[in-house]
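Q: Please take a close look at one strand in this chain. I should like to understand which neighbours it pairs with, how its residues are placed, and how it fits into the whole.

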Amino acid sequence: MTDLSHYRNIGIFAHVDAGKTTTTERILKLTGKIHKIGEVHDGAATTDFMDQEQERGITIQSAATSCEWDGHRLNIIDTPGHVDFTIEVYRSLKVLDGGVGVFCGSGGVEPQSETNWRYANESEVARIIFVNKLDRLGADFYRVTKQVEEVLGANPLVMTLPIGTEDDFTGVVDLLTRKAWVWDDSGDPLKYEIQDVPADMADDVETWREQLVETALEQDDEAMGKYLDGEEPDLETLKACIRKGTIALDFFPTYCGSAFKNKGIQLVLNAVVDYLPSPTEVKPQPEVDPKGNETGEFAVVDPDKPLRALAFKIMDDRYGALTFIRIYSGKLGKGTTVLNSFTGKTERIGRIVEMHADERIELDSAQAGDIVAILGMKNVRTGHTLCDPKHPATLEPMVFPDPVISIAIAPKDKGGSEKMGVALNKMVQEDPSFRVETDEESGETILKGMGELHLDIKIDILKRTHGVEVEVGKPQVAYRETITRRVEDSYTHKKQSGGSGQFGKIDYIIEPGEPGSGFEFNSTVTGGNVPREYWPAVEKGFKQSLEQGVLAGFPCLDLKITLVDGAFHAVDSSAIAFEIAARGAYRQSIPKAAPQLIEPIMKVDVFTPEDHVGDVIGDLNRRRGMIKSQEPGVTSVRIKADVPLSEMFGYIGDLRTMTSGRGQFSMEFSHYLPCPKNVAEDVIKEVQERNEKK
């Protein structure tokens, strides 16, 4: 029976290029899991095992691995930093108990760090902060901690101070013990000495330590009282207080170092063990009913309770489908039968493996607190719950954002379509933010994703992993339609054909809703003119019609429909008659409500050297961008803007040209806004031409 208090399920997350994967490599080396360190820039990092990751030097899918430190078992997930793969971070955070947020010492709090931090806040994951790359030019530990406060609204609890900066960075001072950890220049993480604090840092160390002690002791009134009376708290009391505050998300212990130069990682590992929660110390996962509402029951982390496990990732490899699961309660053994509460079907557990990136270690069983992978599960998808067939339950599922960009693809040779279909099916199972649809009229296969890079990687995987050559169409933007005028109208559906006919009359108001409100339906009918049992049919008729706008066939958003009156016939009225009436009403009234095309606006973050700021801003303005802010940094200026997605295709190439290859940007969907008239006309014309060709 494993002691769960010695388990730590942690994720490492950060902005692209802050050093997550390098930090993971160092942790694996220090814990004895690997003997040779692989570097990201050489394409040899353990957790970046896809060809696409090794070539581009970025992490695309989260990789799981396990190791031991100080008698504790660490299950680590290295997550991607690129905004197009945020979904990987989101679903990893969903099943983790703690995290390490890595920030670049010179780049500071970058856009993707903000998104990841927000996800971690929503999932209520306790975190420690590691300010990395302090050997870099322009690195400043104190500036980054200030940014954590100002940009993320978080409370960093500084635990270590850097000794030296940039090229002279040699080690860190541990504030709790008032000891300096100094590494030599060999690059060996084990070649360090623990010394006294450098004389020139003594005052700083005392100032920061006092701040640390006061913040920590706010967790314990009794210890705080003694401290105010002049009694210094012992190390155990301080650590207990820091642990309590970290788990409560009151503050985030903050460390510094350089993962690449192997400095400072041991203290981060000690902090994971000392301050991050074990599986039993986090809030248990809520169980939900079929509609997704919480039932008040929870999956308590206990191996003796009925099985509750969440599938958070599906990965296809050379041995078949791997389903990654986090077990919240109960045990899982080879050969046992489990129920998938989403499909209502049972499946038998074949092989259970513990993953180390793309290697696997066979297990006979796993229990509450474990993160393992199961081979050969047929019908399990991301977000499904696996449970004990005698005690069914559903855990809170995951919610995934809608894609904002789509492209049409076709196999280059006729025989490739079946192969392409099989490959796409596997890819959709692996990535819930990737969708595949077939255009009913043209028969084209449409891929939908979170950004250009996302779809670019998918095409690459199709080609290399699955051997399917495809032709790719122009990227399409997910336009939507809405209305701008209130309309009061009436519609009667009447059909007489031998025997009973169909009759349904509705009087209604259609008006614009609040931006982002989607579809709202109300009924104010009194006196039974439209019996209550027909209201859902009216709502259904309108709701289904919204999928096809009247301008260019894009889905219609943000409108409110109120059913105010109507009439029914005792014999001829039925739910179907009222549903058809609602569809007719939609076609009749939406053109009168001044419909307009709306386009997705992206939140764009650009980092550019100072001497290119004018060019970048001018270019964003030409792309119909609204500049929101400019923030000067040490090495670059950060420009935040809202820009229509349709204007952002190929932006990375233009940005690199403008900034001599030094500019960087990231973007994510923000909201919808009306298209300018000329743009709307072009889009509608293009859709009409496409339809005529079909």
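A: In this predicted model, strand 7, which spans residues 160-163, pairs with strand 8 in the antiparallel sense, and 4 bridges join the two. One of the facing positions can be named: T160 stands opposite D174 in strand 8.

Strand 8 also pairs with strand 9, which covers residues 179-183; this pairing is again antiparallel and has 4 bridges. Here V172 of strand 8 is the residue opposite W181 in strand 9. Strand 8 and strand 9 together form a hairpin, with 4 residues lying between the two strands. Within that turn, R178 has a positive phi of about 55 degrees.

The next point concerns the two faces of strand 8, which runs from residue 171 to residue 174. On one side lie G171 and V173, and on the other lie V172 and D174. These residues are all buried, so that both faces of the strand are covered; buried means under 20% relative accessible area. Thus D174, the residue opposite T160, and V172, the residue opposite W181, are both buried.

Finally, the strand may be set in the context of the chain. The chain contains 16 helices and 38 strands. Of its 694 residues, 54% count as buried. Among contacts with a separation of 6 or more, 72% are between residues 24 or more positions apart. The chain exposes about 30600 Å², and carbon and sulfur atoms supply 48% of that area.

Note on methods: Residues are numbered from 1 along each chain as its sequence is written. This is a predicted model: local features need pLDDT of at least 70, side-chain atom pairs count only at pLDDT 80 or more; totals for chains, interfaces and linings use all residues. Side-chain values use heavy atoms; hydrogens and water are left out. Buried means under 20% relative accessible area, exposed over 50%, partly exposed in between (1.4 Å probe, protein chains only). Contact means heavy atoms within 4.5 Å. Accessible areas come from the Shrake-Rupley method with a 1.4 Å probe; for residues, only the protein chains shown count as cover. Two strands pair if DSSP finds at least two bridges between them.
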